[in-house]
Amino acid sequence: MDTNFVYNATLIDRIDAILPQTQCRQCSFQGCRPYAQAMAKGEADINQCPPGGEQVILELARLLGQEPKPLNEAYGRHGPKTVVVIDELLCIGCTLCIQACPVDAILGAAKLMHTVITEECTGCNLCLAPCPVDCIHSIPAPQPLDTTLAKQKSAIARERHRWHLTRLEIRKKHETERKQQASPQKTTATANSRKAAIAAAVQRVQAKKIARAALAAQNAQKKSPAE
Ligand code: SF4
Ligand code: SF4
Ligand code: SF4
């Protein structure tokens with residue numbers, strides 16, 4: 001057996017166990033484990049994880065026998081933990097956020113309102129950009145966790161991310177099979193009709209937002225004393 005492989009696999013696990021499992025990709029890798037793999041190979045520095053901040057850098061430095069160094073803010077700044085909420089009245093049920101979530105923390109189905117399982121949300125913010133109606137908002141996490149609880153939550157997030165990757169693999173396989181069976185014209189027509197449905201829903205939400213803003217302005221006018 002290749003002993004280097006065993007050594008590296010163990011080292012990768014130990015590095016990965018230190019990382020916060022936010023799965024936000026701010027370190028420039030596709031998740032915590034790919035970053036851990038790069039560090040184990042000596043191809044990435046120990047100060048690239050903004051969610052982990054100083055504490056993670058200290059633990060990595062200890063494990064890898066290096067001097068601690070400040071967080072490289074080119075990768076982002078360390079800040080308080082956040083989660084996201086969905087403005088359910090504006091959600092058009094396009095499912096784009098579900099596809100973006102690395103830990104499957106969003107529940108919903110096509111054309112139905114979506115909601116976030118706050119307990120499972122890591123605050124990675126990967127779902128914000130794909131939302132076509134900007135109805136996902138970042139808010140402070142309900143309560144700061146002590147170190148033991150934070151480690152337990154990280155372990156759960158690691159497992160959820162593994163399941164997420166497996167689910168994507170299975171789905172990719174099914175989609176490839178489906179595309180091989182369907183005619184190219186039918187595939188294009190389905191994609192176009194989906195795009196058109198999303199565009200129409202976005203327009204409806206924009207009208208709703210304008211109506212909401214007008215109502216808020218009207219209420220503010222009623223409350224302020226007459227000039
Ligand atoms: S928490 Fe984000 S920045 Fe830190 S290692 Fe994981 S994916 Fe990279
Ligand atoms: S719900 Fe959004 S912020 Fe929370 S884990 Fe999923 S993608 Fe990240
Ligand atoms: S991306 Fe936005 S609009 Fe689409 S399902 Fe998610 S929250 Fe709803």
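**Entry: Val202 and its helix**

I began with Val202, which lies in helix α6. This is a predicted model, so I read everything below as a prediction. Val202 has 15 C-beta neighbours inside 10 Å, and therefore I put it down as partly exposed. Leaving aside residues within four places in sequence, I found Val202 in contact with Ile92, Pro132 and Val133. I then checked one of these partners, Pro132: its C-alpha atom is 6.7 Å from that of Val202, although 70 residues separate the two along the chain.

Next I looked at the whole of α6. How far apart are its end C-alpha atoms? They are 59 Å apart, and the 40 residues of the helix (184-223) should span 58 Å at 1.5 Å a residue, so the two values agree. I also asked how many of the 40 residues of α6 are buried. The number is 0, so I noted the helix as lying largely in the open.

**Entry: domains**

I turned to the domain assignment, which splits the protein chain into domain 1 (3-75) and domain 2 (80-219). Their C-alpha centres lie 27 Å apart. At the contact between them I found 6 residues from domain 1 and 11 residues from domain 2. On the domain 1 side, the touching residues divide into 2 nonpolar, 4 polar and no charged.

**Entry: around ligand 1**

I looked up the surroundings of ligand 1 and found 16 residues, of which Thr22, Cys24, Cys27, Cys32 and Cys49 come nearest. By class, I have 10 nonpolar, 5 polar and 1 charged residues in this shell.

Thr22 seemed worth following. Thr22 sits in the loop between α1 and α2. Is it buried or exposed? With 27 C-beta neighbours inside 10 Å, and 20 being enough for the label, Thr22 counts as buried. Apart from residues up to four places away in sequence, Thr22 touches Pro51, Thr122, Gly123 and Cys124. I also noted Arg158, which is 136 residues from Thr22 along the chain, with 8.5 Å between the C-alpha atoms.

Gln23 is in that loop too, between α1 (3-18) and α2 (32-40). Gln23 has 23 C-beta neighbours inside 10 Å, so I count it as buried. Its phi caught my eye: the value is near 60°, positive in a residue other than glycine. For context, most residues other than glycine have a negative phi.

**Entry: around ligands 2 and 3**

Around ligand 2 I found 14 residues, with Cys101, Ala105, Cys121, Cys124 and Cys127 coming nearest. This shell has 11 nonpolar, 3 polar and no charged residues. Cys124 is one of the residues that Thr22 touches, and Thr22 itself is among the nearest to ligand 1.

For ligand 3 I listed 15 residues, and the nearest are Cys91, Cys94, Cys97, His114 and Cys131. I sorted this shell into 11 nonpolar, 4 polar and no charged residues.

**Entry: nonpolar cores**

Which residues have the most contacts inside the largest nonpolar core? They are Cys127 and Ile136, in a core of 18 residues. Strand β1 (residues 82-86) gives the largest share of this core, 3 residues. I then listed the contacts of Ile136 beyond four places in sequence: Val84, Ile86, Cys97, Cys127, Leu128 and Cys131. Two of these have come up already: Cys97 is among the nearest residues to ligand 3, and Cys127 among the nearest to ligand 2.

I found a second, separate core of 14 residues, which includes Cys27, Cys32, Ile46 and Ile57. Cys27 and Cys32 are also among the residues that come nearest to ligand 1. As background, nonpolar side chains tend to be buried together in soluble globular proteins.

**Entry: two last residues**

I went back to backbone angles and stopped at Asp134, which has a positive phi of about 50° although it is not a glycine. Asp134 is found in the loop between β3 (115-116) and β4 (136-140). Its 13 C-beta neighbours inside 10 Å mean that Asp134 counts as partly exposed.

Lastly I checked Leu58, in helix α3 (residues 53-64). Leu58 has 14 C-beta neighbours inside 10 Å, so I have it as partly exposed. From Leu58 to Asn47 I noted 9.3 Å, C-alpha to C-alpha, with the pair 11 residues apart in sequence.

How values were computed:
Residues numbered from 1 in each chain as written. Chains lettered and ligands numbered in written order. Predicted model: local features only at pLDDT ≥ 70, side-chain atom pairs only at ≥ 80, totals over all residues. Near = placed C-beta within 6 Å. Nonpolar A, V, L, I, M, F, W, Y, C, P; charged D, E, K, R; others polar. Domains from an automatic or database assignment. Contact = placed C-beta atoms within 7 Å. Helix = DSSP H or I, 4+ residues; strand = E, 2+ residues; numbered from the N terminus. Expected span 1.5 Å × (residues − 1). Buried ≥ 20, exposed ≤ 12 C-beta atoms within 10 Å, placed from the backbone. Core = buried A, V, L, I, M, F, W, Y, C linked by C-beta atoms within 7 Å.
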